[in-house]
Amino acid sequence: MTVAPLPTRAVGLGLRRALLQDLLAAPAGSFDFLEAAPENWIGVGGAPGEAFARLASEHPLACHGLSLSLGGPAPLDDTFLHTLRRFLDAHRAALYSEHLSACGDSFGQLYDLLPLPFSDEAVHHVSARIRRAQDVLGRRIAVENISYYATVPATGTDARPLTELEFINAVLAEADCDLLLDVNNIIVNATNHGYDASAFLRGLPGARVACIHVAGHRDEAPGLKIDTHGAAVADPVWQLLAEAYALVGPRPTLLERDFDFPPFEELLGELAVVRGHLAGAPARSRAA
């Protein structure tokens, strides 16, 4: 199925149940697209299902998965993948993305996004699973750089430790997939693990960036940030977003908010900030 991609200067909001009525009542032009987690909407009926169907028919839809466990040890769930393909096709999803993480073990779902070992073995493992997922879904997918709070050691006698940046770049190349660039996660990880956020951003392959996420975090302690999606976007994230546009050019950008929702007008105000940065983004860039 051929679906038009999201415009490069599009701004979007997450399609959350708590926002359904605000999204339905929003004036035309308030946002350019919506993003939904398929797991939260597959098979949902009643009033919420009807509201979702209406919004998905009236606005371009991106989908951001939560449970595929691309880096996990259990076999990929082919039944779920085929169900997911039908959902994406039915709603003409312009983009499907997932997390570069594991969210389950051989016994089942763990309901968290767990980091992967930064090793060649993990690169080969997750890349093969991404390629398989792309084959079943019939589309390229984008993987998101996740926030994490501890590293998983590489195992095996021949295990070669990689940096986070080396790991992400190796997966993108071997899997031949796209990147969902989460600038908030870069700020969180750079703070917690002591690296330079701007240098990390410059090391990513800009041509593979399909979409950008911005979100809020919590300053837990000096040198410790927690990725919450429950607060306003912080100044360092806005600054890194502007740097990202300067490097890769304009990309469709989503404002993530999952709880502690402010008045809807405040979310639209943050979208206006995104639009302002996008307006100043060069049409072409040296990394695109």
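Is Arg16 buried or exposed? Keep that in mind as you look through these close-ups of a predicted model.

**View 1. Arg16 and Asp258 meet in a salt bridge.** At 17% relative accessibility, Arg16 counts as buried, because the cut-off for that word is under 20%. Its partner Asp258 is partly exposed, at 34%. The closest N and O atoms of this pair sit 2.8 Å apart. Along the chain, though, the two residues are 242 residues apart. Arg16 belongs to the loop between strand E1 (11-14) and helix H1 (20-25), while Asp258 belongs to the loop between E12 and H9. So what brings such residues together? Side chains of opposite charge can pair when their charged atoms come close.

**View 2. Asp78 pairs with Arg132, linking two helices.** Here the closest N and O atoms are 2.7 Å apart. Asp78 comes from helix H3 (residues 78-90), and Arg132 comes from helix H4 (residues 120-137). In sequence they are 54 residues apart. Asp78 has a relative accessible area of 31%, so it counts as partly exposed. Arg132 is partly exposed too, with a value of 37%.

**View 3. Helix H3 also supplies Asp89, which forms a salt bridge with Arg139.** The N to O distance is 2.8 Å. Arg139 sits in the loop between H4 and strand E7 (142-144), and 50 residues separate the pair in sequence. Which of these two is buried, and which is partly exposed? Arg139 is buried, at 16%, whereas Asp89 is partly exposed, at 21%. Salt bridges can also share partners: Arg140, Asp176, Asp178 and Arg208 are joined into one network that way. Over the whole structure, a search turns up 11 salt bridges.

**View 4. Leu13 sits among the best-connected members of the largest nonpolar core.** This core has 78 residues. Leu13, Leu15, Leu23, Ile130, Phe167, Leu181 and Val183 are the ones that touch the most other members. Helix H8 (residues 235-248) gives the core its largest share, eight residues. Apart from this core lies another one, of nine residues, and Ala10, Phe33, Ala142 and Cys211 are among them. Now zoom in on Leu13 itself: leaving aside neighbours within four places in sequence, its contacts include Leu23, Phe31, Leu254, Phe264 and Leu271. Leu13 also touches Glu35.

**View 5. Asn189 is tucked away in helix H6.** The helix covers residues 183-193. With just 1% relative accessibility, Asn189 counts as buried. What does Asn189 touch, not counting residues up to four places away in sequence? The answer is Ile146, Ser147, Tyr148, Glu164, Gly194 and Tyr195.

**View 6. His229 and Asp260 both have a positive phi.** Why point this out? Most residues other than glycine have a negative phi. For His229, phi is near 60°; for Asp260, phi is about 50°. Both residues turn up in loops. His229 is found between strand E11 (224-227) and H8, and Asp260 lies between strand E12 (253-255) and helix H9 (264-279). Their surroundings contrast, though: His229 is buried, with a relative accessible area of 11%, whereas Asp260 is exposed, at 54%.

Technical notes
Residues are numbered from 1 along each chain as its sequence is written. This is a predicted model: local features need pLDDT of at least 70, side-chain atom pairs count only at pLDDT 80 or more; totals for chains, interfaces and linings use all residues. Side-chain values use heavy atoms; hydrogens and water are left out. Helices (H or I, at least four residues) and strands (E, at least two) are DSSP runs, numbered from the N terminus. Buried means under 20% relative accessible area, exposed over 50%, partly exposed in between (1.4 Å probe, protein chains only). Contact means heavy atoms within 4.5 Å. A nonpolar core is a set of buried Ala, Val, Leu, Ile, Met, Phe, Trp, Tyr and Cys residues joined through side-chain atoms within 4.5 Å. A salt bridge is a side-chain nitrogen of Lys or Arg within 4 Å of a carboxyl oxygen of Asp or Glu.
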